[in-house]
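Student: Could you take me through one helix packing in this model, slowly and in detail? I'd like to see how the two partners sit against each other and what surrounds them.

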Amino acid sequence: MQIGSVKEIKKHEYRVGLTPSCARAYIADGHTVRVQKFSGIDAGYEDDEYKEAGAILCDTAEEIWGASDMIVKVKEPQPDEYPLMKENQILYTYLHLAADEMLTKEMLQRKVKGVAYETVEMPDHSLPLLRPMSEIAGRMSIQEGARFLERPQGGRGVLLGGIPSVEKGKVAILGGGVVGTHAAKMAIGLGADVTVLDVNIDRLNYLDDVFAGRVHLLYSNQAHLELVLEKSDLIVGAVLIPGAKAPHLIKKDDLRKMKKGSVLVDVAVDQGGCIETTHPTTHDDPVFTIDDVVHYCVANMPGGVSRTSTQALTTATLPYGLLIAGKGLEAAAARQSAIARGINTYDGKLTYKGVADAIGMNFVPVGDLIDGVKI
Ligand SMILES: NC(=O)c1ccc[n+]([C@@H]2O[C@H](COP(=O)([O-])OP(=O)(O)OC[C@H]3O[C@@H](n4cnc5c(N)ncnc54)[C@H](O)[C@@H]3O)[C@@H](O)[C@H]2O)c1
């Protein structure tokens with residue numbers, strides 16, 4: 001297959017779809033890889049590394065879209081890229097079509113085979129291509145929270161780990177899923193006093209086993225929330241209710257119960273946020289302050305650590321990518337239901353129910369279009 005990787009053109013996107021070692025893996029399987037010049041530069045990959053891996057370097061994105069059977073990207077195509085998509089081309093990337101009717105219509109009209117990272121789903125409902133980004137965002141939430149707790153950054157001047165003669169900083173994490181667990185690991189590592197709240201008792205039991213007494217675990221209800229609001233230096237919002245907006249666990253009036261200069265990191269901002277006063281921010285201008293509480297609400301936190309994120313993402317995407325390239329999308333989807341679930345558009349039809357429902361369009365099960373596919 002002809003595989004292509006282009007430079008991401010979405011604002012503040014520094015990741016890249018293929019690393020030089022991914023390019024090497026596709027080439028070793030007999031495929032041809034084209035990479036746009038400078039596409040890896042913001043993730044720390046030089047053109048020479050791609051060349052050494054055996055990739056063909058191209059000056060323009062147009063050349064790559066034109067020559068490729070499969071484009072491996074990070075972000076959904078931007079309007080300038082729409083005309084470059086072509087019939088039967090496989091587009092393997094984050095798509096988030098439920099929030100983008102215009103792109104959905106373009107992909108259907110152009111009969112692009114769209115495989116969305118965010119809907120590649122294992123039989124146990126886990127999302128292997130979203131998980132690494134949650135892990136990174138969880139770990140970053142403590143790093144960023146610690147930074148903004150510093151007085152010159154607007155925080156209350158608390159060192160999370162303290163030192164042996166002074167109190168430790170207090171961290172509360174709302175939601176003990178993937179983000180919350182990784183936030184807890186980092187906070188414990190820094191020596192903070194950590195509390196995790198969740199509504200899922202099984203999850204609380206799991207965290208109790210994993211952290212073996214190193215975190216306080218509380219059921220997430222109003223009384224416990226008020227307790228952590230008053231005590232915490234840093235609160236991380238890491239709640240998710242699948243398919244729904246995040247609940248506003250912290251209301252505007254609650255901010256007055258918090259310490260002056262404390263920090264809220266709302267990782268769930270990409271699902272509407274779990275703090276009433278949240279609005280999405282960017283890495284350029286990550287924080288704002290309301291009622292003396294610093295809010296950090298960057299919607300694409302992993303973008304800030306583009307090298308780590310690129311390595312984590314491509315490690316997860318490569319095995320599916322190799323299978324699609326080796327067998328063709330149809331046979332790969334028949335073999336692995338995770339790939340079949342990833343298919344959002346195929347032959348001009350919308351094949352992912354959640355997207356069809358969100359934008360009010362017709363849905364055709366992918367199993368009706370591709371022989372041997374069962375979801
Ligand atoms: N900002 C970013 O860059 C970024 C990056 C990755 C993920 N995210 C977001 O982070 C959020 C968490 O993702 P995840 O992968 O950890 O999800 P997850 O499903 O693994 O965990 C969510 C947890 O929230 C818990 N929960 C639900 N309602 C709750 C409540 N009322 N109180 C306390 N806990 C509650 C669930 O039981 C679950 O354990 C999602 O909104 C995700 O989109 C953001």
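Tutor: Sure, let's look at H1 and H9, which run roughly parallel to each other because their axes cross at roughly 20°, and anything under 35 degrees counts as roughly parallel. Bear in mind that this is a predicted model. In general, a packed pair is described by the angle between the axes and the distance between them. Here H1 covers residues 20-28 and H9 covers residues 306-327, and the axes come within 11 Å. The crossing of H1 and H9 is right-handed.

Now for who touches whom. From H1 you've got Cys22, Ala25 and Tyr26, and they meet Thr314, Leu318, Leu322 and Ala325 of H9. Sorted by class, that contact between H1 and H9 has 6 nonpolar residues, 1 polar and no charged. As for the spacing, an α-helix has 3.6 residues a turn, so residues three or four places apart point the same way. Keep that in mind when you look at Cys22, Ala25 and Tyr26 on the H1 side.

Those three H1 residues turn up again when you ask about burial: Cys22, Ala25 and Tyr26 are buried, and so are Pro20 and Ala23. H9 is part of what covers the buried residues of H1, and the cover also includes strand E1 (2-5), strand E2 (32-36) and helix H2 (47-53).

One last thing to click on: just after H1 comes glycine 30, with a positive phi of about 95°.

Terms used. Residues numbered from 1 in each chain as written. Predicted model: local features only at pLDDT ≥ 70, side-chain atom pairs only at ≥ 80, totals over all residues. Axes fitted to C-alpha atoms, helices over the stretch in contact; angles between N-to-C directions. Helix = DSSP H or I, 4+ residues; strand = E, 2+ residues; numbered from the N terminus. Parallel < 35°, antiparallel > 145°, perpendicular 65-115°, else oblique. Left-handed = near helix turned anticlockwise from the far one by under 90°. Contact = placed C-beta atoms within 7 Å. Nonpolar A, V, L, I, M, F, W, Y, C, P; charged D, E, K, R; others polar. Buried ≥ 20, exposed ≤ 12 C-beta atoms within 10 Å, placed from the backbone.
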